[in-house]
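Work through the exercises below with the structure open. Try each task before reading its solution.

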Amino acid sequence: MKTSLKFFMLPILLMGSIMLTGAEVPYLTGRVNDYAQILSSETNQLLTEILKAHENRTSNQIVVLTIPTLDGEGIEEYAVDVFEEWKLGQKGIDNGILIVVVPNDRRMRIEVGYGLEPTLTDGMAGQIIQTVMTPRFKNGDYDGGIMDGARAVIDVLEGGELPDRAGGDRSTTRSNDGFFEGPDLSLRERILIGAFIFGIIGLFTVIGILTPTGGWFLYFFLIPFWAMFPIVVVGSGGAFICLVIYLIGFPVAKLFVRNSKWYKKAKKDIRKKGRASIGGFRFTSGGSGGSWSSGSSSFSGGGGSSGGGGASGSW
């Protein structure tokens, strides 16, 4: 009898232990961790840039996490677990903030590190949730709710109080300043970032135009780079113009240089000698000798901790 009772109780205990585990803490991939897949790629990219710029200015580390459901676990306990696992904020300063959104459970929370609790109080965090994020979420606008919520948090941290426009009708993904829509960058930052971006893809574009071999491969290879990278500097409108200019300009330039004497000579040298030199660049018939590699994200927490300060809400 006792043996049969043990076998009867064992599945119940196992099921109970599984239910008590709740949601797991996911891997920290960056400043925006959209595991619920509710953010557009444009919002994800722009929000990442905004949070990065704030961290560069203040050292405060703000991270966003979306997860479909918590499987019955309380959002307060889960947020603390994530905060401690990711170690958000700088060690000894504890200036980290975690914004958690759980769409299937219709729950959210702003978890605040020890060091920022005097600036972003529980009341302010609750006000941001109620007046900024909740109205957007009720309309199904996750992009706007999370973007405006993060901006309101930044406004408090940098200004010390909630702005009058919190929860108002402002752009959720870009500034309305004409051609230079996109991330909130100063002119100096746009020039520096633009020099880096256009310098790299511009160099490879020139190589593709000049090289007698492999040039058309580079033409198609660079299309996504010309479509996306300029957004950071000139916004989506400017990036579209850059892409159109590239799509038309590259073939025109290619057709123009192919009739020049030096291009014909280089093409002839490659055919006979297997190599040619154009303007300091060396080309071979074996294809390009360059290579590209993409490193993994180096973003990580700084060793901060949270004591459970912040606020939660639902919609």
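Arg136 is buried, with a relative accessibility of 18%. This comes from a predicted model. Keep Arg136 in view for the first exercise.

**Exercise 1. A linked set of charges**

Task: Find which residue forms a salt bridge with Arg136, and classify the burial of both partners.

Solution:
- Step 1. Look for the acid. Arg136 forms a salt bridge with Asp141, and the closest N and O atoms are 3.3 Å apart.
- Step 2. Classify Arg136. Buried means under 20% relative accessible area. Arg136 has 18%, so Arg136 counts as buried.
- Step 3. Classify Asp141. Its relative accessible area is 23%, so Asp141 is partly exposed.
- Step 4. Extend the search. Arg136, Asp141 and Asp148 are linked in a network of salt bridges.
- Step 5. Check Asp141 for another contact. One of its side-chain oxygens comes within 2.8 Å of the backbone nitrogen of Gly144, at the start of α5.

**Exercise 2. Checking a helix length**

Task: Compare the expected span of helix α5 with the distance between its end C-alpha atoms.

Solution:
- Step 1. Take the residues. Helix α5 covers residues 142-159, which is 18 residues.
- Step 2. Set up the span. The expected value is 1.5 Å times one less than the number of residues. For α5 this gives 26 Å.
- Step 3. Compare. The end C-alpha atoms of α5 are 25 Å apart, which agrees with the expected span.
- Step 4. Ask how much of α5 is covered. Of its 18 residues, 15 are buried, so the helix is mostly covered.

**Exercise 3. Two salt bridges across the chain**

Task: For Glu158 and for Glu76, find the salt-bridge partner and say where each residue sits.

Solution:
- Step 1. Start with Glu158. Glu158 forms a salt bridge with Arg57, with the closest N and O atoms 2.7 Å apart.
- Step 2. Place this pair. Glu158 is in helix α5 and Arg57 is in helix α2 (residues 41-58); they are 101 residues apart, so the pair links distant parts of the chain.
- Step 3. Classify the two. Glu158 is partly exposed at 41% relative accessible area. Arg57 is exposed at 51%.
- Step 4. Turn to Glu76. Glu76 forms a salt bridge with Arg107, and the closest N and O atoms are 3.5 Å apart.
- Step 5. Place the second pair. Glu76 belongs to helix α3 (residues 75-86) and Arg107 to strand β4, 31 residues apart; this pair also links distant parts of the chain.
- Step 6. Classify again. Glu76 is partly exposed at 32%. Arg107 is partly exposed at 29%.
- Step 7. Give the total. The count comes to six salt bridges.

**Exercise 4. A covered strand**

Task: Decide whether strand β3 is enclosed or open, and find how it pairs with β2.

Solution:
- Step 1. Count the buried residues. Strand β3 (residues 96-102) has seven of seven buried, so it is largely enclosed by the rest of the structure.
- Step 2. Recall the geometry. In a regular strand the side chains alternate between the two faces of the sheet.
- Step 3. Split β3 by face. Gly96, Leu98, Val100 and Val102 are on one side, and Ile97, Ile99 and Val101 on the other. Both faces are covered.
- Step 4. Find the neighbour. Strand β2 (residues 61-66) is joined to β3 by six bridges, and the two run parallel.
- Step 5. Pick a facing pair. Ile62 stands opposite Ile97 in β3.
- Step 6. Move on to the loop between β3 and β4 (107-112). Asn104 is located there. With 58% relative accessibility, Asn104 counts as exposed.

**Exercise 5. A nonpolar surface patch**

Task: Find which residues make the nonpolar surface patch of about 640 Å², and place Ile245.

Solution:
- Step 1. List the members. The patch is made by Phe240, Ile241, Val244, Ile245, Leu247, Ile248 and Val252.
- Step 2. Place Ile245. Ile245 lies in helix α9 (residues 231-257).
- Step 3. Classify Ile245. Its relative accessibility is 56%, so Ile245 counts as exposed.
- Step 4. Recall the helix geometry. An α-helix has 3.6 residues a turn, so residues three or four places apart point the same way.

**Exercise 6. Two buried polar side chains**

Task: Find what the side chains of Arg31 and Thr134 contact.

Solution:
- Step 1. Place Arg31. Arg31 is in the loop between α1 (2-21) and β1 (32-34). It is buried, at 14% relative accessible area.
- Step 2. Find its contact. The Arg31 side chain makes a polar contact with the side chain of Glu55, at 3.1 Å.
- Step 3. Place Thr134. Thr134 is in helix α4 (residues 122-138). At 9% relative accessibility, Thr134 counts as buried.
- Step 4. Find its contact. The Thr134 side chain reaches the backbone oxygen of Ile129 at 2.7 Å.

How values were computed: Residues numbered from 1 in each chain as written. Predicted model: local features only at pLDDT ≥ 70, side-chain atom pairs only at ≥ 80, totals over all residues. Heavy atoms only, no water. Patch = residues over 30% accessible without salt bridge, like charges linked within 9 Å, V, L, I, M, F, W, Y side chains within 5 Å. Areas by Shrake-Rupley, 256 points an atom, 1.4 Å probe, with all protein chains shown as cover. Salt bridge = Lys/Arg side-chain N within 4 Å of Asp/Glu carboxyl O. Helix = DSSP H or I, 4+ residues; strand = E, 2+ residues; numbered from the N terminus. Buried < 20%, exposed > 50% of the residue type's maximum accessible area, 1.4 Å probe, protein only. Polar contact = N/O pair within 3.5 Å; in protein donor to acceptor, adjacent residues only side chain to side chain. Pairing = 2+ DSSP bridges.
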